[in-house]
Amino acid sequence: LEFPALRMSRSEARTSLTDPSDMFMVMTSERRAALEPLQPTRRQYELYAGNSNPELTQRIAEQLKIKVSTMDCKQFNDGECNIKLHDSVRNAHVFVLQSTCPGRSSTRSINDHIMELFLLVRCFRRASAATVTAVIPYYGYARQDEKRRPRVPVAASDFAMLMEAAGVDRVLAVDLHSAQIQGQFQQCPVDNLSMFEDFAEYFFLNVASKFDEDAEIAVVSPDAAGTARAKFFLGLLQDKGLTNVTLAITIRQQANSSITLNLVGEISGKHCIIVDDIIDTGSRVCTASEALKELGARSVGAIASHGIFSNKALLKIEASDLEYVLVSDTIPIAADAGLKTQKVMQVSCAALISEAIHSIMTGDQISHLFGIGTE
């Protein structure tokens, strides 16, 4: 073996040194002299974006005043993921954002984004990252969180097992479909952030401000399971100073091929807000708005954390009695959405997620960013 950094040959070193430890000191002395002493520095962290929602990642980076770390995250001709990090992440705290939702600007499916997230986490682990936090604004398969009939998977739990097997250290999610998903992760903490504080602020400033001073508002849950979510949003509105706010619940009953909506609560002459966590095909929220209008509601709007808008959902919303639909940007909206309806508005969750990331890195509490069930 040769040591080019040495100023003497191996034979000269062998004759001039008798102690093997002295020889090691000579061979490493120049390298040691070139190193600067370690200084205490701030914890280094990197923010990476998967292909599902790069726009949201950019907004979060702007909030944090950092740059999104670069990498190649493409596909081979046969559809396999092709990932290559541009920079070292050794001993860095990595945050990788990936909503497990359908692709908007590509043909990628939910399953493609899940596999991509799995391989990204494995890539960071193999590259010696100190910790890996998966930021999953929209948690796919969340609605399959229990075994409702025989011989079916509990997909929400299985997705959690996959993430833990990949080696994720922490998960940040926004308004999980059910809080019990947090318990399906056995090895890592899950922070379930809530967008409803931001929704309440937007509603108070941009919607309620247009109502009459004596206008009454009804917060409506589209089913009994969402009552806690609706009560939480009602409390947020009351904290903003809106006192004439009540709660109502619609209960769907299906007999043969017909669906009947029964109402618990009074909504006649009130401005109704349907509060849900997901709008997928739009059928439930549009049916509820029609029923509320028939029962005498003065106006009807909807608020949901995640706007999937599958199939003809946007066209349904445009043709419905809904006056507005507020959703977050956990899932990007298709570029041609504005051609189908002008009723949908987005409230960004970038500030919410960036505050959570900053608090994690500084060791501050983030409990004030949680939603239902907090005191």
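This passage walks through the fold, the strand pairs, a helix packing, the salt bridges and two unusual backbone spots of a predicted model.

Taken as a whole, the chain carries 11 helices and 14 strands. Of its 375 residues, 45% count as buried. Contacts in the chain also reach a fair way along the sequence: among those between residues at least 6 apart, 66% join residues at least 24 apart.

Two strand pairs are worth a look. Strands β2 (residues 71-75) and β3 (residues 81-85) run antiparallel and are joined by 5 bridges. Across this pair, Q75 sits opposite C81 of β3. The two strands make a hairpin with 5 residues between them, and in that hairpin G79 takes a positive phi near 100°. The other pair goes the parallel way: β6 (residues 170-174) and β7 share 4 bridges in that sense. Here A173 has N192 of β7 as its bridge partner. As for side chains on β7 (residues 190-193), V190 and N192 point one way while D191 and L193 point the other, yet all of them are buried. N192 is thus both the bridge partner of A173 and one of the buried residues of β7.

Next comes the packing of α6 with α7. Two packed helices are described by the angle between their axes and the distance between the axes. For α6 and α7, the axes come within 9 Å and cross at roughly 50°. That angle makes α6 oblique to α7, since it falls neither under 35 degrees nor in the 65 to 115 range. The crossing of α6 past α7 is right-handed. On the α6 side, the contact is made by F196, E197, F199, A200 and F203, and on the α7 side by R229, F232, F233, L236 and L237.

Turning to charged pairs, a search of the whole structure turns up 15 salt bridges. One of the salt bridges is between E201 and K240, whose side chains meet at 2.5 Å, N to O. E201 belongs to helix α6 (residues 196-206) and K240 to the loop between α7 (227-239) and β9 (245-255), so this pair ties together parts that are 39 residues apart in sequence. Neither end is hidden away: E201 is partly exposed, with a relative accessible area of 34%, and K240 is partly exposed too, at 23%.

R284 and D223 form another salt bridge, with their closest N and O atoms 2.4 Å apart. This one also links distant parts of the chain, 61 residues apart, with R284 in helix α8 (residues 283-294) and D223 in the loop between β8 (217-221) and α7. R284 is partly exposed at 27% relative accessible area. D223 comes out at 21% and counts as partly exposed as well, because the buried class takes in only values under 20%. The pair does not stand alone, as D223, R229, D276, D277 and R284 are linked in a network of salt bridges. R229 of that network also turns up among the α7 residues that make the contact with α6.

A further salt bridge joins R148 to E146, and there the closest N and O atoms are 3.4 Å apart. R148 counts as exposed, at 54% relative accessibility. E146, on the other hand, is partly exposed, with a relative accessible area of 42%.

Last, the backbone. Most residues other than glycine have a negative phi, and most peptide bonds are trans. Against that background, R151 catches the eye: it is not a glycine, yet its phi is positive, at about 60°. R151 is found in the loop between β5 (131-136) and α5 (155-166), and with 79% relative accessibility it counts as exposed. F309 is another non-glycine residue with a positive phi, this time of about 55°. Its place is the loop between β12 (299-307) and α9 (313-319). The surroundings of these two residues contrast: R151 is exposed, whereas F309 is buried, with a relative accessible area of 8%.

Technical notes: Residues numbered from 1 in each chain as written. Predicted model: local features only at pLDDT ≥ 70, side-chain atom pairs only at ≥ 80, totals over all residues. Heavy atoms only, no water. Buried < 20%, exposed > 50% of the residue type's maximum accessible area, 1.4 Å probe, protein only. Pairing = 2+ DSSP bridges. Salt bridge = Lys/Arg side-chain N within 4 Å of Asp/Glu carboxyl O. Axes fitted to C-alpha atoms, helices over the stretch in contact; angles between N-to-C directions. Parallel < 35°, antiparallel > 145°, perpendicular 65-115°, else oblique. Left-handed = near helix turned anticlockwise from the far one by under 90°. Contact = heavy atoms within 4.5 Å.
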